[in-house]
Amino acid sequence: MKFVRNTWYPLVWSHDVGRSLITRKLFGEDLLLYRTESGSVAAMLDLCPHRLAPLSMGRLKGDAVECGYHGMTFGADGRCTRIPGQPIIGAKSGIKTYPTAERMGLIWVWLGDQSSADPKRIFSLAQHDDPNWCITYGDALRIDANYLNLADNLCDPSHVTFVHPTTLGNSAGENVPVQNRDIEDGVLVWRWIKSAPVIPFFAQYGSFDGPVDRWHYYYYHAPCVAVIDFGTIASNKTVSEDERGRGLQMFACHLITPVDENTCVDHWLTVRNFSLNDDAASERIHADLRIAFNEDKSILEAIQRKEAQYPDFRRVTLGVDAAPHRMRRKVDAMIAAETERAA
Ligand code: FES
Ligand SMILES: [Fe+2]
């Protein structure tokens, strides 16, 4: 499976990594994770180099992992520090480790060339660290679909009317075309739906007694981060594009782990500027989003099964595919650039 190597991948919620051995898969590679005594996160291949026992079946001893089969022991840097009954440790007895960093409530891992693993390159939403915004962490939603099929969905506001009619959409949006353009590391897709009835989702959080304008700005930062800025404001309040924060505004962030060719995990969280410090609102919002994201999951998993059944089917291309195609070209270009550099 071809993928961008030199990038940070979101892998697991920070709060799920502690002083025990856990595993996660990334592009088919089994990774073992744990926190060291100082609180940093170690990530290594979950594979003992002796007989290939998963190290996750062993024990954490201080900052080291002891294999559960014959006790080979590895430090958090992957170096072998002990072979029971054998005084000499060969130079090649270590195990591969991966750089990690924490950002936006997640552990991110770098699979590529370690000399360029700069945590400053990890995606970060400014509002996530701003006390005037309310952050609520959602789920790690497993979807049995290729991560780029999920990425297609997250570059495609036109599906909202049809997939999420009771939560995020209404028929007012049906015929409003979407626009798209390149951004530095990805694609932006957006549309405004003007003078429409307020959708049920926002009706709960603002008092709207007339028509509203509603926006969707879908930012896709290739290869694995999507941020959906959506919100609403009364149509009689004139706002420019840059003043969206005057309305009810929410960022739904999707930080995607490509598990393997047919599976991904969507770690989602929200950042909003209304109903701050209101836990009941957070719960309601997330209950609604959970329904909506499971609607995406259903259709994406069904598509994945059909793709396997009809691998050579010639598809019809629609106008709404422009942004997903742009996104895929970006990912392909990133992979091609890496291949070229390696050659
Ligand atoms: S398999 Fe790990 S020490 Fe033998
Ligand atoms: Fe959706």
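**Iron site and a small-talk tour of one sheet**

Okay, let's start at the metal: the iron ion (ligand 2) is coordinated at 2.1 to 2.3 Å by His159 (NE2), His164 (NE2), and Asp296 through OD twice. Keep in mind, everyone, that this is a predicted model.

So what is the geometry of the site of the iron ion (ligand 2)? Irregular, with angles of 57 to 144° among the 4 donor atoms. For four donors to count as tetrahedral, all angles have to lie between 85 and 135 degrees, and the angles here run from 57 to 144°.

If you're following along in the sequence, the donor residues of the iron ion (ligand 2) are spaced H-x4-H-x131-D.

Now the two histidines: buried or exposed? Histidine 159 is buried, because its relative accessible area is 10% and the cut-off for buried is under 20%. Histidine 164 is buried as well, with a relative accessible area of 1%.

Right, on to the sheet. We have an open sheet of 3 strands, in the order β1-β11-β10, and the pairing is antiparallel. Which strands sit at the edges? Those are β1 (8-13) and β10 (100-103), and each pairs on one side only. From one strand to the next, the twist averages 35°.

As a quick reminder, strands of a sheet pair through backbone hydrogen bonds, either parallel or antiparallel.

Let's zoom in on one pair. β1 runs antiparallel to strand β11 (residues 106-110), and the two pair over 5 bridges. If you want a spot to click on, try tryptophan 13, which stands opposite leucine 106 in β11.

How values were computed
Residues are numbered from 1 along each chain as its sequence is written. Chains are lettered from A and ligands numbered from 1 in the order in which they are written. This is a predicted model: local features need pLDDT of at least 70, side-chain atom pairs count only at pLDDT 80 or more; totals for chains, interfaces and linings use all residues. Side-chain values use heavy atoms; hydrogens and water are left out. Donors are N, O and S atoms within 2.8 Å of the metal (3.2 Å for Na, K and Ca); water is not among the atoms, so sites may look incomplete. Four donors count as tetrahedral if all angles lie between 85 and 135 degrees; four count as square planar and six as octahedral if opposite donors are over 155 degrees apart and all others between 65 and 115; anything else is irregular. Buried means under 20% relative accessible area, exposed over 50%, partly exposed in between (1.4 Å probe, protein chains only). Two strands pair if DSSP finds at least two bridges between them. Helices (H or I, at least four residues) and strands (E, at least two) are DSSP runs, numbered from the N terminus. Axes are lines fitted to C-alpha atoms, for helices over the stretch in contact, and angles run from 0 to 180 degrees between N-to-C directions.
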